[in-house]
Amino acid sequence: MSAADISADRSRRHAAVIGGGISGLAAALRLARAGVRVTLLESEGRVGGKLHAGEIAGMPVDLGAESVLARRPEAVELARAAGLGDRLQPPAATAMLWTRGELRPLPTGHTMGVPGDLAPLAAAGILSADGLARVARDAELPHTDPGEDVAIGAYIAGRMGREVVDRLVEPLLGGVYAGDAYRISMRAAVPPLFEAARTHRSLGEGVRELQARAAARQQTGPVFMGIEGGIGRLPLAVADAVRAAGGEIRTHAPVAGIARTDGGGWLVELEDETLAADAVVVATPAHDAARIIARACRAAGAGAAVDALADVEYASMALVTMAFRRSDVEGLLNGSGFLVPPVDGRKIKASTFSSNKWRWNADADPDLFVLRTSIGRYGDEGDLTRPDAELVDLSLKDLGAAVGLAAAPVETRVTRWDDGLPQYPVGHLARVARIREHVARLPGLEVCGAVYDGVGIPACISSAHRAADGLIATLAEGAGDDEGE
């Protein structure tokens, strides 16, 4: 780069992105490709956050999130933009439900476990006769207004009974939020279902309408998508794309806080230096975000944003990944795995049969079979205090009961995600609106991530794009003001 190029680069507007998870990376790429000079700061030694590519017994595996919702475009589009389009791969098998002592097929005709059609639910044997009869009563009850917001479990139990919540809604919703269906906001977690509850006399009628709309849109492609080698490859590819667009990525770079300058810019305080920037995106978990923005927000009379972020609760969990000799598990592990309703009292909340679910995993070593279990959910985190070996033993015991697995694994790996998933209780959207309202008092500051608009990867990317676009607009206005001067 010539001296003139260096000078021109330094004259560009500069944005600091704090947090190197998929949200921060997506924001950084959006900014860099818009011509903004970007510095991404990540406190850990790697980027990716909950998307983490690893290995077990020499085979590539995901040690965090393993798939993206393909019915939303953001994650698939980002993968393609980062050069991973030819590595996208749908799952090759379907999941089951381990409940009432048996593995049972997940029924069709539902939205997040809320049935629109009783026949598949009855055929699956998930509910008792009384439970099915209680679901059917939904069609006879008068409309129940969900109001401004309502806990999804409480609303559905009122319409269809607790059994459908405990044995179907809870495990499906828990697989996304690791939360409690009786606390989670319907409006925040499943907005189409909230709208259906608001506008239809019965909940089943609303679900059928949602499914009819989906059919009319011809949403026939895969619901979920993975990436050959693991979803953990996505943040690495996006990081490469950020660098290719001229951005800088620093790991081992924890941020202590940010402050406004007299000229309306920003100072980002690191351990051994202070970085000047024209704008800042904070893409960290809520409690870190509260700490980072606290001084600037309180100085601007926007301390309510700090308090609201500090109040966000999180669920912790652990993933137990195990590799077996394929000959030891032959005939035992069918489908892509299973979910477990908390009401059944098991230790694991789910198990994924990775070598069935992902073709690339099976191809990596035909003699081995990889699976993983998850332990821990909001309000049920006591087992996470146990050492790794005990979590492996708990997993093997439940796998033995579920599928008859008795073999010893060749290798195991436990990955702990402490405070891994933000919880979306009733009123969450109002809290997010309050955070954004007060952050908006500080031009050139944006926040994004799983706290705000959904915990799924596409939702995080959408949140990042919203933040980046906000900064791009602010920086453009600032450039116009400078030209006017």
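A residue counts as buried when its relative accessible area is under 20%, and by that cut-off His438, at 11% relative accessibility, is buried. The model on screen is a predicted one, and His438 is a convenient place to begin the tour.

**First stop: His438 and the α13/α18 pair**

Select His438, which lies in helix α18, and display its surroundings. Leaving aside neighbours within four places in sequence, the residues in contact with His438 are Gly301, Ala302, Ala304 and Ala305. Now extend the selection to the whole of α18 (residues 428-439) together with helix α13 (residues 303-310), which pack at an angle of about 145° with their axes 7 Å apart. Viewed as a crossing, the arrangement of α13 and α18 is left-handed. On the α13 side, the residues to highlight are Ala304, Ala305, Ala308 and Leu309, and these meet Arg431, Arg434, Ile435, His438 and Val439 of α18. Coloured by class, the residues of this contact divide into six nonpolar, one polar and two charged. As background to the spacing of such contact residues, an α-helix has 3.6 residues a turn, so residues three or four places apart point the same way.

**Second stop: the α6/α7 pair**

Move next to helix α6 (residues 152-160) and helix α7 (residues 162-177), whose packing angle is about 145° and whose axes lie 9 Å apart. The crossing of α6 and α7 is right-handed. To see the contact itself, show the side chains of Ile152, Gly153, Ile156, Ala157 and Met160 in α6, and those of Arg162, Val164, Val165, Val169 and Leu173 in α7. By class, this contact of α6 with α7 holds eight nonpolar residues, one polar and one charged.

**Third stop: the open parallel sheet**

Switch to a cartoon view and pick out the five strands of an open sheet, which follow one another in the order β12-β2-β1-β16-β22 and pair in the parallel sense. Which strands stand at the edges? They are β12 (248-250) and β22 (445-447), each of which has a single partner strand, so that one side of each is left without a neighbour in the sheet. Looking across the sheet, the twist from one strand to the next averages 15°. For a closer view of one edge, select β2 (residues 37-41) with β12, a parallel pair held over three bridges, in which Leu41 has Arg250 of β12 as its bridge partner.

**Fourth stop: β18, β19 and β20**

Select strand β19 (residues 348-352), where five of the five residues are buried, so the strand is largely enclosed by the rest of the structure. Strand β18 (residues 337-339) runs antiparallel to β19 and is joined to it by three bridges, with Phe338 facing its bridge partner Ser351 in β19. Strand β20 (residues 368-375) is also antiparallel to β19, here through four bridges, and Ala350 stands opposite Ser374 of β20.

**Fifth stop: the β7/β8 hairpin**

Next, bring up strand β7 (residues 95-99) and strand β8 (residues 102-105), which pair in the antiparallel sense over four bridges. One of the pairs to mark is Met96 with its bridge partner Pro105 in β8. The two strands form a hairpin with two residues between them, and in its turn Arg100 has a positive phi of about 55°.

**Sixth stop: helix α3 and Glu74**

Continue to helix α3 (residues 74-81), in which Glu74, Ala75, Val76, Leu78 and Ala79 are buried. Just after α3, Gly83 takes a positive phi of about 90°. Is the acidic residue Glu74 buried or exposed? Glu74 has 16% relative accessibility and therefore counts as buried. Not counting residues up to four places away in sequence, Glu74 touches Pro458, Ile461 and Ser462. For a distance check in the viewer, Glu74 and His110 are 36 residues apart in sequence and 24 Å apart in space, C-alpha to C-alpha.

**Last stop: confidence along the chain**

Finally, colour the model by pLDDT: the mean for the protein is 94, and 95% of its residues reach 70 or more. Residues 1-10 are to be read with that colouring in view, as the pLDDT there is below 50, and beyond near neighbours in sequence this stretch has three contacts in the model.

Key:
Residues numbered from 1 in each chain as written. Predicted model: local features only at pLDDT ≥ 70, side-chain atom pairs only at ≥ 80, totals over all residues. Heavy atoms only, no water. Pairing = 2+ DSSP bridges. Axes fitted to C-alpha atoms, helices over the stretch in contact; angles between N-to-C directions. pLDDT = per-residue confidence, 0-100. Contact = heavy atoms within 4.5 Å. Left-handed = near helix turned anticlockwise from the far one by under 90°. Nonpolar A, V, L, I, M, F, W, Y, C, P; charged D, E, K, R; others polar. Buried < 20%, exposed > 50% of the residue type's maximum accessible area, 1.4 Å probe, protein only.
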